[in-house]
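Here is a short round of questions and answers on one protein model. Keep the sequence and the 3D view open as you read.

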Amino acid sequence: MIHHHLSRNIIFKSIYNLIIKWYRSTHVKDIGIEGINPPEKVCDDKKCPWHGEIRIRGLLFEGKVERIRRRIALITFYRYYYIPKYERYMIRRSKIKAHVPKCLDIKEGDEVIIGEARPISKIINFVLISKKWSQLAQK
Ligand SMILES: [Zn+2]
């Protein structure tokens, strides 16, 4: 009897997993940002803003991919700082790390759009959403 229950549970679980997998592969979330189209590919990346569980909230900005290691991209972007002493704005370069979803083909040197999300891991709370508009238009 115990054995019977166990095997039934395993079957339920695998069916459930299959349904989740299918759902993830066919459904693209609306990430709530106008003007950015979802990627052509689909993926099963849980940390993907389009197909996974990551929700974009907060900051959205553009940057350039410096390097990629194990789906983590180092991105440089420019920020404007107001310096009261000189009464002028200065441009400063900053770096952050962001997760690269499986469905995005990103190379080093690409201009990308990054969104702020709930912490994805200990050190990362940004995720790549798309390539930059201008690059998409050139295609
Ligand atoms: Zn994806």
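Q: Which residue in E4 is the bridge partner of Phe61?
A: This is a predicted model. In it, E1 and E4 run antiparallel and are joined by six bridges. In E4, the residue bridged to Phe61 is Ile114.

Q: Which residue in E5 is the bridge partner of Gly115?
A: E4 covers 111–117 and E5 covers 126–131. The two strands pair in the antiparallel sense, over five bridges. In E5, Gly115 has as its bridge partner Val127.

Q: Which strand gives the most to the largest nonpolar core?
A: The largest nonpolar core has 17 residues, and Ile114, Val127 and Leu128 are among those with the most contacts inside it. Strands E1, E2, E4 and E5 each supply at least two residues of this core. The top contributor, with four residues, is E5.

Q: Which isoleucines does Val127 touch, not counting residues up to four places away in sequence?
A: Val127 is one of the residues with the most contacts inside the largest nonpolar core. Beyond four places in sequence, Val127 touches residues including Lys47, Pro49, Ala98 and His99. The isoleucines on that list are Ile54, Ile114 and Ile120.

Q: What is the radius of gyration of the protein?
A: From the N terminus on, the elements run α-β-β-β-β-β-α. For 139 residues the globule rule gives 14 Å, and the protein is well over that, so it is more spread out than a compact globule. The C-alpha atoms fill a box of roughly 80 × 35 × 25 Å along the principal axes. The radius of gyration is 20 Å.

How values were computed. Residues are numbered from 1 along each chain as its sequence is written. This is a predicted model: local features need pLDDT of at least 70, side-chain atom pairs count only at pLDDT 80 or more; totals for chains, interfaces and linings use all residues. A nonpolar core is a set of buried Ala, Val, Leu, Ile, Met, Phe, Trp, Tyr and Cys residues joined through C-beta atoms within 7 Å. A residue is buried if 20 or more other C-beta atoms lie within 10 Å of its own, exposed if 12 or fewer, and partly exposed in between; C-beta atoms are placed from the backbone. Two residues are in contact if their C-beta atoms, placed from the backbone, lie within 7 Å. Two strands pair if DSSP finds at least two bridges between them. The radius of gyration is taken over C-alpha atoms; the globule rule is 2.2 Å times the number of residues to the power 0.38.
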